[in-house]
Amino acid sequence: MNIKYLQYIAICIGLTVVVFSCSSGDDDTGGQTPPEFDRAAMLANYADNLILPAYSDLQVEVDQMAADATAFESEPTAANLETLQNALKSVRLSWQDANFYQFGPAETVTLRASLNTYPTDTDKIESNIENGGYTLGSIDNIAAGGLPALDYLIHGAEVTTEQIIAAFTTDPGASERMTYLVDNVAFVKSRVDDVVNSWDPAGDDYRGTFLSEGNGGTGVGSSISLLVNAMILHYERFMRDGKIGIPAGVRSAGVPRPTATEAFYGGYSAELAVANITGYKRLVIGGSGSGLDDYLEFMESDELSNDIQDGLDQSINDAGQLTDPLSENIENDNDGVIAVFTSLQEVLVLIKVDMTSVLGITITFQDNDGD
Amino acid sequence: MIYPINKQIYTLTIWGLLALFTLACSDDDGEGIDPPGITSGDMQVEAGRGTEAAINLALNAPSGIESLSVSVDGGTAEDIPVNTGATTQSVTYNYTIPAASTLGEQFTLAFTLTDQGSQTTNYTATVTTGKLIETPATYEFTRDGASSVFYGGQKDRLDMVEEIKSVLGGGDAGDLVSEQVLLDMYANTGGNGGGNFTFTSDRQLKDKTFAPDLDDNFFEDLFAGGAAASTNGNKGITASNGTAGLIVRENSGNTILVDENGREFTQLIEKGMMGSVFYNQIFNVYLSDDRTGDEVENVELVDGENYTPMEHHLDEAFGYWDPPLDFTSPWPEEREDEDRFWSHYSNTVDNVSNGMLGTNETIMNAYKEARAAIVNNDLTTKNEMRDELYESLELVAAAVCVHYINGTLSSLDAGNTGEAFHTLSEAWAFANALRYSPNKKITLEQLEQIMETDFGADGNFWNVTSMGLNAAKTTLVTVYPDLDAVKDDL
């Protein structure tokens, strides 16, 4: 064999290897493409370790409140009132972890609007008590029911415990007021029970829908799109604005609205805000499991993931400086409150613009037909 | 080398058989002269109605051709000119298919050739009425090179509703709205809406309104209510339960004018006219047997026009839908301003994320196929497409209603009650539009339940609850199962 012949063979082998490797690359993409992020596992973590436990905890607290309301109705004592007040606070704290998931069952029963529309309309509440014939959950009563209405009913505005009890026992219209209280507790319970049953695999099994393969993509209507849109809408409108911005006056030409705080009558709005932001961070990181932070890191956006988490830590810290009652904090030192708003605003951009861009999720809320 | 031999034998056999056949069939009088014959490749001929079907005949008569006649469907035979005495001749006979014939109708043409020895032979051809045109890609039809489509009257009425809407928009912004202006625009007083239209027209909306709505003063009452409410709006009075006035839409910051039950006048009137005029005219007039049934004139053109009455009636039904002529699914976003009213709302529910409803294409195809079928006098297809139009146009109204129910739920949920009143007004008006089809799947009882109870007890939007909205949605999805797969995505 001469050398030329060897060269020829070598070239042939070389070409064959090239052709072979090219064709195998084309035909068998399975082993060649970069691995996909396991969204299914992440969604399962959200469903089983965050959403379902949050609703379940909320249901436990609401059941307790219902029992305490019944006890107060039969024995309207100062001790039973205090127990009920504490139960309401537990419900409201528990709500801070359950309020992020306004899609599917929660949207169907308008859970957030039913449970937590504030500031509550005290005139409407009083007129409902006086006139009866109200439908809790209707648009007309959207600001006259739910947890903020209970806040008003059992704490009252600048009144003593004795006066509150008298309003339910001896004052004119006392029994109607008690009925309104009990109706509201039942209203809250029915909505929460509906949502729990809808998610329940043994009930309507929305969990199954949420985790179904068909909803596993990232398009509009996919489970991750619903989750991310709901969490961003919540952040912007109900956490940043509702809990901080609106009471601090950022939506009213700088004129503060202290009565627009979440728990104005109970006076623990700052505590609720801290709980909500803390819950938000837990939501971003998926608790101790696979979360949006992992998804971002998988997409090589570690810095963004870190910035979001650091920003939320900063907001938790800033909100921790607020004092209750938040309404008084606003009146005495509104700058400190506005600082929390600013701190929250910085993270919003990261979540709403940068995170959705990396994950390829379209913002669908504020959908306006333009007519 | 076997094949060529076999082929020869085969060929000879065929000729032999043919010869035998010809002999057996000929009217041989035994004088020993070969009988005449007709050959032709045209046993089955197809052509559009009103056009000529050509049948080519090859005649031969060894004793000389005497005459050729044709009888259509057993009718009186008529002579066809021939070269008398010739032994062979090629003749092309052009049969004019009656313009009134329907697609697929067949005509039997029996030709009889007589030779000079009085021997005869027969040949039969069948002429079938075929299509004059295939269904075009766009809604464009011509006759003799000129368009045969015209629906200027419909465009005028759509323009009128647009200008009425813009007057109502003033009320939403807090301006006073004049009842008289609205009445004049509705009845097109003086051909220019009492001076309120930017154009003139001899058409009007009022005389095309669903008769029972006219009886009930449906629009007149809304005009009066809107005008009265606008005095509240003009004072900046915020609407509340029992009080008409303005409500802020949270997404835009704009206000809307609502009645004491929270219903937005602009939506009730604009969408109300989409139902009571546009859908009413499509459903109860132009798609009815009276205008597009099999008995409607479809041969003679309307005096001075380039269309038959039936063609024009379908075009008028199309004009009330008024899409771009090449409308389809999905429709590109950059061309969204080319559709309006019903075609616009078809597009709203056309391309939803979880599988398209695809109503743009379904409805567009139905219109195009129906129109082509009318040209072809294809009554079966025309009637199938009319059924399709009834069904799909109704589905659009139901789907848009669900779309706005969903919008209301999410607005309520987001705490945007102003948006909720707006979207609920839309949902109410689209439910209302379902009333107008004589073939509707939903019952009037179901509609009343949705509009007067589910959307708020006692017909009052202030009473609406998520339960009521979900009940209405369930009813619609049950009656229109096509919506089931997309009910949460609409």
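Biologist: Is Glu300(A) buried or exposed?

Modeller: In this predicted model, Glu300(A) lies in the loop between helix 13 (292–298) and helix 14 of chain A. Its relative accessible area is 73%. Because exposed means over 50% relative accessible area, Glu300(A) counts as exposed.

Biologist: What is the phi of Glu300(A) near?

Modeller: Glu300(A) is a residue other than glycine, yet its phi is positive. The value is near 60°.

Biologist: Which residues form the negative surface patch that includes Glu300(A)?

Modeller: Helix 14 (residues 302–320) of chain A gives the largest share of the negative patch, 4 residues. Glu300(A), by contrast, is placed in the loop between helix 13 and helix 14 of chain A. The full membership of the patch is Glu300(A), Asp302(A), Glu303(A), Asp307(A), Asp310(A) and Asp354(A).

Biologist: Is Asp302(A), a member of the negative patch, exposed or partly exposed?

Modeller: Asp302(A) is placed in helix 14 of chain A. Its relative accessible area is 39%. Exposed requires over 50% and buried requires under 20%, so Asp302(A) is partly exposed.

Biologist: Where is Pro119(A) found, and what is the omega of the peptide bond that joins Tyr118(A) to Pro119(A)?

Modeller: Pro119(A) is found in the loop between helix 5 (111–116) and helix 6 (122–131) of chain A. The bond joining Tyr118(A) and Pro119(A) is a cis peptide bond, and its omega is about 5°.

Biologist: What is the omega of the peptide bond from Asp324(A) to Pro325(A)?

Modeller: Pro325(A) has its place in the loop between helix 14 and helix 15 (326–332) of chain A. The peptide bond from Asp324(A) to Pro325(A) is cis, and its omega is near -10°.

Biologist: Turning to chain B, is Ser118(B) buried or exposed?

Modeller: Ser118(B) is found in the loop between strand 7 (106–115) and strand 8 (120–130) of chain B. Its phi is positive, near 65°, in a residue other than glycine. The relative accessibility of Ser118(B) is 56%, and the threshold for exposed is over 50%. Ser118(B) therefore counts as exposed.

Biologist: Which residue stands opposite Leu246(B)?

Modeller: Strand 11 (residues 245–248) and strand 12 (residues 255–258) of chain B run antiparallel and are joined by 4 bridges. Opposite Leu246(B), in strand 12 of chain B, stands Leu257(B).

Biologist: Which residue takes a positive phi in the hairpin of strand 11 and strand 12 of chain B?

Modeller: This hairpin has 6 residues between the strands. A positive phi near 85° is taken there by Gly253(B).

Conventions: Residues are numbered from 1 along each chain as its sequence is written. Chains are lettered from A and ligands numbered from 1 in the order in which they are written. This is a predicted model: local features need pLDDT of at least 70, side-chain atom pairs count only at pLDDT 80 or more; totals for chains, interfaces and linings use all residues. Side-chain values use heavy atoms; hydrogens and water are left out. Patches are made of residues with over 30% relative accessible area and no salt bridge: like charges are joined within 9 Å, nonpolar side chains (Val, Leu, Ile, Met, Phe, Trp, Tyr) within 5 Å. Accessible areas come from the Shrake-Rupley method with a 1.4 Å probe; for residues, only the protein chains shown count as cover. A salt bridge is a side-chain nitrogen of Lys or Arg within 4 Å of a carboxyl oxygen of Asp or Glu. Lys and Arg count as positive and Asp and Glu as negative; His and the chain ends are not counted. The place of a charge is taken as NZ of Lys, CZ of Arg, CG of Asp or CD of Glu. Helices (H or I, at least four residues) and strands (E, at least two) are DSSP runs, numbered from the N terminus. Buried means under 20% relative accessible area, exposed over 50%, partly exposed in between (1.4 Å probe, protein chains only). Two strands pair if DSSP finds at least two bridges between them.
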